Amino acid sequence: MGTIQTPPGTRDILPEEIGYWQYVENIATQILSRAMYQEIRPPIFEQTSLFERGIGEATDVVGKEMYTFTDRGDRSLTLRPEGTAGVVRAYLQNNLYAAGGVQRLWYCGPMFRYERPQAGRQRQFHQIGLELVGTGDPRGDVEAIALASNILKSLGLRSLKLDINSVGDRSDRQRYREALVEYFLPYKEELDPDSQDRLERNPLRILDSKNERTKEINQNAPNILQYLGDNSQIHFEQVQQLLGDLGIEYNINPCLVRGLDYYTHTAFEIISDDLGAQATVCGGGRYDGLVEELGGNSTPAVGWAIGMERLIILLKQLQSSPVRVPDIYLVSRGEAAEAQGLILAQKLRAEGLTVELDMSGSAFGKQFKRADRSGAIACLILGEEEAVNQTVQLKWLQTKEQQTMTQTELFNQVGELREQLGRHRKQ
Ligand code: ATP
Ligand code: MG
């Protein structure tokens, strides 16, 4: 009988890779908390209707990609395909708006979409996302974009490009939609089947098509920026001005659209040339209509999500995995020594040192080999003699210097030991 494997499109994130994940999460937490964003953790499954309303039935995500199931109580539930709908639901359900002002929120965790697995595309993937709820000010759009950019730059990713666009407000988009349908109708037979389907339901999404012939037809399609009303125009200009003030470079891409009614004004993507077909690392935009769509008062908001897997593919191209190395590798042999070893390890950990305890019970020679391989700075050795005398040997693994001390001395001098370890770590 074979062993059971992970389902397609899912994978284990193994200890050898986890350093990257923790590194990204730490940097993101730091940068977001400096801007007073707080983490929120909504459940991973929600009522299916939340996503039908919150993402829209005309989207691929809801139409084709959701993991929906009926639970034992006959409820239709869905594993979240994205984070925004759940955050907005939590905002409404918990009256977070009652605090007044804006809510600055972020989240991090797994998302689920039934897609064709390939490099940078999985069925369980992870996002870090940010939502700024309660302001329609263009500074909000730019704060959000700047924080995404800060995170990516702090991770050392520099050759990324920011594309921005405006999808206007509801009435701008209505006019644009009509113009698009009028433009595409004569080409209907030449469009790819997906785009033909979108012609009635969601024509803006045709601009997103990867099909070659459709892309050709798109080249002469009407440009959304020509359909912006005065307010939308001003908002978009202010966003550009503020990005410029912060020294953030951008490119205007009029084909960058989010096709749903509650997406408004700014849409943006951060793209890498080093990811092949799945090039978008971060996608976001303003969604002034969503809170109302989900039953709240009209409340402007803006947000983004970074795809962790794609981000980590890029990080791996830059640096090897941050590995955890113990300060001390503790070697012991013999019943009394092994018992004392465990106690020593626990006491040193309580002093803030990283201690790996060898539990193999094998010959000293083998334990020493493992100590070397662990990358530890020092080794503590407890044999039968040490156990009887309540002593321990401290060996510096690089210089091979070795000294014997009592266990009491070791703890009395733990401050000095910590400094010595620090000095060796820097070398
Ligand atoms: P794509 O066009 O690549 O399908 P999307 O528009 O569906 O992306 P969003 O819903 O905007 O993506 O999600 C934000 C980010 O999450 C994406 O830019 C990407 O980095 C990541 N992402 C989305 N779907 C997946 C997936 N199936 N596997 C891995 N990462 C994903
Ligand atoms: Mg997608």
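A pocket here is an open set of grid points where a 1.4 Å probe fits, with protein on both sides within 12 Å along at least five of seven lines. The model you're looking at is predicted.

**Exercise 1.** Work out how much space lies in the second largest pocket and which residues are the closest to its centre.

*Solution.*
- Start with the volume: about 280 Å³ of space lies in this pocket, the second largest.
- Next, go to the middle. Of the 15 lining residues, K153, L160, K161, L162 and E249 are the closest to the centre.
- Now map the lining onto secondary structure: α5 (138–154) and β7 (160–166) each bring at least two residues. β7 gives the most, with 4 residues.
- Finish with chemistry: the lining splits into 7 nonpolar, 3 polar and 5 charged residues.

**Exercise 2.** Describe how the protein surrounds ligand 1, from the shell down to single contacts.

*Solution.*
- Take the shell first. It holds 13 residues, and R113, E115, R121, Q122 and T280 are the closest.
- Sort the shell by class and you get 3 nonpolar, 5 polar and 5 charged residues.
- Then look at the strands: β6 (124–133), β10 (280–286) and β11 (301–307) each supply at least two shell residues.
- Zoom in on polar contacts, with a cut-off of 3.5 Å between N or O atoms. A ligand oxygen sits 3.0 Å from a side-chain N or O atom of Q127. For the side chain of R310, the corresponding distance is 3.1 Å. G307 uses a polar backbone atom, 3.5 Å from an oxygen of ligand 1.
- Last, check the cover: on its own ligand 1 has 580 Å² of accessible area, and the protein covers 81% of that.

Note on methods:
Residues are numbered from 1 along each chain as its sequence is written. Chains are lettered from A and ligands numbered from 1 in the order in which they are written. This is a predicted model: local features need pLDDT of at least 70, side-chain atom pairs count only at pLDDT 80 or more; totals for chains, interfaces and linings use all residues. Side-chain values use heavy atoms; hydrogens and water are left out. On a 1 Å grid over the protein atoms alone, a cavity is a set of points where a 1.4 Å probe fits but cannot get out, and a pocket is an open set with protein on both sides within 12 Å along at least five of seven lines; lining residues have an atom within 4 Å of a point. Grid points are joined across faces, edges and corners, and a volume is the space filled by probe spheres set on the points. Ala, Val, Leu, Ile, Met, Phe, Trp, Tyr, Cys and Pro count as nonpolar, Asp, Glu, Lys and Arg as charged, and the others, Gly among them, as polar. A residue is near a molecule or strand if one of its heavy atoms lies within 4 Å of it. A polar contact is a pair of N or O atoms within 3.5 Å; within protein, one must be able to donate a hydrogen and the other to accept it, and residues adjacent in sequence count only if both atoms are side-chain atoms. Accessible areas come from the Shrake-Rupley method with a 1.4 Å probe; for residues, only the protein chains shown count as cover.
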